[in-house]
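Please find below my comments on the model, set out as numbered points for checking against the coordinates.

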Amino acid sequence: MKTYEEINAKIESKKAVVLTAEEVIDYVEKKGLEAAAKEVDVVTTATFGPMCSSGCFLNFGHSKPRIRITQAWIDDVEAYGGVAAVDVYLGATQLRRNDPANLYYPGEFRYGGGHVIEKLVAGDRLELHAISYGTDDYPLRELRTWFTIKDLNQAIMVNPRNCYQNYNVAINCSDRTLYTYLGVLRPGMQNLSYSSAGQLSPLLNDPLYETIGVGTSVWLAGAHGHVHSEGTQFSSIAERGPNDVPMEGAGTLGLTANMKEMKSKYVRGISLIGYGVSLALGVGIPIPILGPHILKRTTVKDSEIFASVIDYSSDYPNRTGKVLCRLTYEELRKGEVVVSGKKVQVGSMSSYAMALEVANALRDEIKRGDFLLSKPYKKFPLSQSQKPLVIREKRK
Amino acid sequence: MSTKRMMLSFPKSEAEKPIVYHLVKDYDLVINIFRAKVTPEEFGYLVLDVSGSDDDIKRGMDFVRTFNVEVDEAGVGVAWDAQRCTHCGNCLPHCPTKALRIVDPMTREVGFFPGDCVECLACIQNCPFNACSSLF
């Protein structure tokens, strides 16, 4: 058994043995669990995909004369101004002002919050338009200026929900095309779409949250950040396989990091036809190999991880809970699967190639002694479910 | 017999001439049009596969050029930006000819093979990262 302190000491002396969650599978098979657990210090996990519940706090600094911003637009995308004078929160799924949305169905959603966040991280110059009602101490009522991320005092990404432990596979059993956040689903189950890094994905390698908790250090788009809380909709009560790996959404993470340290390659605005805009992020999370039990968890393979196929024409929008079937990520990655006796083409919203790149980058940073692990100071609850929104007819 | 992908750009005034008819009739070429827009008083284009003997193809294209039509023999009207592509694979089930396909099953990287592209433009509508675009 090792401690966090011992592992960090090895990282600092650049002697840590670090493998990605893909490399560790063969390594443990060859060396045996007990021997490998003594050697391996850290396993790096990663994912890259759309994470809608993301956004950032920006502080612009004070203008002369001062303004107490009530409404603000960055490149015509509204940022929430209901915080202090020159702080705003820009959300990933915010549409651009005058975007016709789905009025001309399916809408194109070419530009929005996610794209602004990508441009900010890339160092591009953006337009700020802000208005206010004016006060004695903050008299300015309107301003328009241009800025880059370097001009900001702070640009802190604070994401309520990232890194879904597992995710639905979307299919369309109806006779019309559907436009969803998992892409375009053609009628009659012609295609399906999944979104997970499978065997590389952080919470699939730590299914019962034994090392990932509040305070865990994470690699968020190249910046060193941490888990600030359980993610919204965290629901540890989920159907799980014999390896404790959930077969549905289950756990989520609230993540934060300094956007000034991020790399724009891993912060990407996305347009989902007929659905909206969002943000794709690259996230890496190191798992300390405290003992053989933790190591065993990280050897989980795509063939041992199941995802639930859900009909997005009726069962998903109406929350019936019906699951058509379950498929492993190994099956999904073959590009064609059989659902209800029909051959179905497979697409994906998450990128395994980019997740692999992130896992490798984090592994190399830890090997160089540049990234230390942190022990979570609070564990996630193991018996938490997700509450629905009840539509009541009366206040009482 | 060989098949070549061509992109023909029409000047504003050449909408009324039956160019494709002459390519078939006079030059013995098999024409497969992927995409075309030829409208009077507007710039037009034609993306097609031309099959025939090398000599006939050359003569046919020389004929086309006499109408002030620009012939781009490396012509592909769809562009894939490798820098913007994240290899998510959302395009894969929407590409009918597998012109967009996995090039490395281990890393699951996606590649674009212009020779297989029939310019249906499904990738442009479907790519969340705006990696695919049309030249016109």
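The points that follow take up the contact between the chains and then some individual sites in chain A.

1. The structure is a predicted model, and each value quoted here should be read as computed from that model.

2. Chain A and chain B bury about 1,800 Å² between them, and 51% of that area falls on carbon and sulfur atoms. To this contact chain A brings 29 residues, while chain B brings 21 residues.

3. Between the two chains there are 13 residue pairs in polar contact, counting pairs in which both residues have pLDDT of 80 or more. On the side of chain A that touches chain B, the elements giving two or more residues are β12 (183-185), β13 (191-194), β17 (267-272), β22 (342-348) and α7 (352-367). Of these, β17(A) gives the most, with five residues.

4. One salt bridge is found across the interface of chain A and chain B. Its partners are the side chains of Arg84(B) and Glu118(A), which meet at 3.5 Å, N to O.

5. Ser196(A) is placed in the loop between β13 and β14 (217-220) of chain A. With a relative accessible area of 5%, Ser196(A) is classed as buried, because that value lies under the 20% limit for buried residues. The side chain of Ser196(A) reaches the backbone nitrogen of Gly198(A) at 2.9 Å. Once neighbours within four places in sequence are left aside, the residues in contact with Ser196(A) are Ser201(A), Leu204(A), Tyr329(A), Arg333(A) and Ser350(A).

6. Gly284(A) belongs to strand β18 (residues 276-288) of chain A, and its relative accessibility of 0% means that Gly284(A) counts as buried. Not counting residues up to four places away in sequence, Gly284(A) touches Thr45(A), Ala46(A), Val218(A), Trp219(A), Val358(A) and Leu362(A). Gly284(A) and Ala221(A), although 63 residues apart in sequence, are 8.1 Å apart in space when taken from C-alpha to C-alpha.

7. On the surface, Phe57(A), Tyr80(A), Val83(A) and Ile156(A) make up a nonpolar patch of about 340 Å². One of these residues, Val83(A), sits in the loop between β5 (77-79) and β6 (87-91) of chain A. Is Val83(A) buried, partly exposed or exposed? Its relative accessibility is 32%, and Val83(A) therefore counts as partly exposed, since that class covers values between the 20% and 50% limits. The value of 32% for Val83(A) also satisfies the patch rule, because patch residues must have over 30% relative accessible area.

Methods
Residues are numbered from 1 along each chain as its sequence is written. Chains are lettered from A and ligands numbered from 1 in the order in which they are written. This is a predicted model: local features need pLDDT of at least 70, side-chain atom pairs count only at pLDDT 80 or more; totals for chains, interfaces and linings use all residues. Side-chain values use heavy atoms; hydrogens and water are left out. Patches are made of residues with over 30% relative accessible area and no salt bridge: like charges are joined within 9 Å, nonpolar side chains (Val, Leu, Ile, Met, Phe, Trp, Tyr) within 5 Å. Accessible areas come from the Shrake-Rupley method with a 1.4 Å probe; for residues, only the protein chains shown count as cover. A salt bridge is a side-chain nitrogen of Lys or Arg within 4 Å of a carboxyl oxygen of Asp or Glu. Helices (H or I, at least four residues) and strands (E, at least two) are DSSP runs, numbered from the N terminus. Buried means under 20% relative accessible area, exposed over 50%, partly exposed in between (1.4 Å probe, protein chains only). Contact means heavy atoms within 4.5 Å. Buried area is the accessible area (1.4 Å probe) that two parts lose on being put together, summed over both. A polar contact is a pair of N or O atoms within 3.5 Å; within protein, one must be able to donate a hydrogen and the other to accept it, and residues adjacent in sequence count only if both atoms are side-chain atoms.
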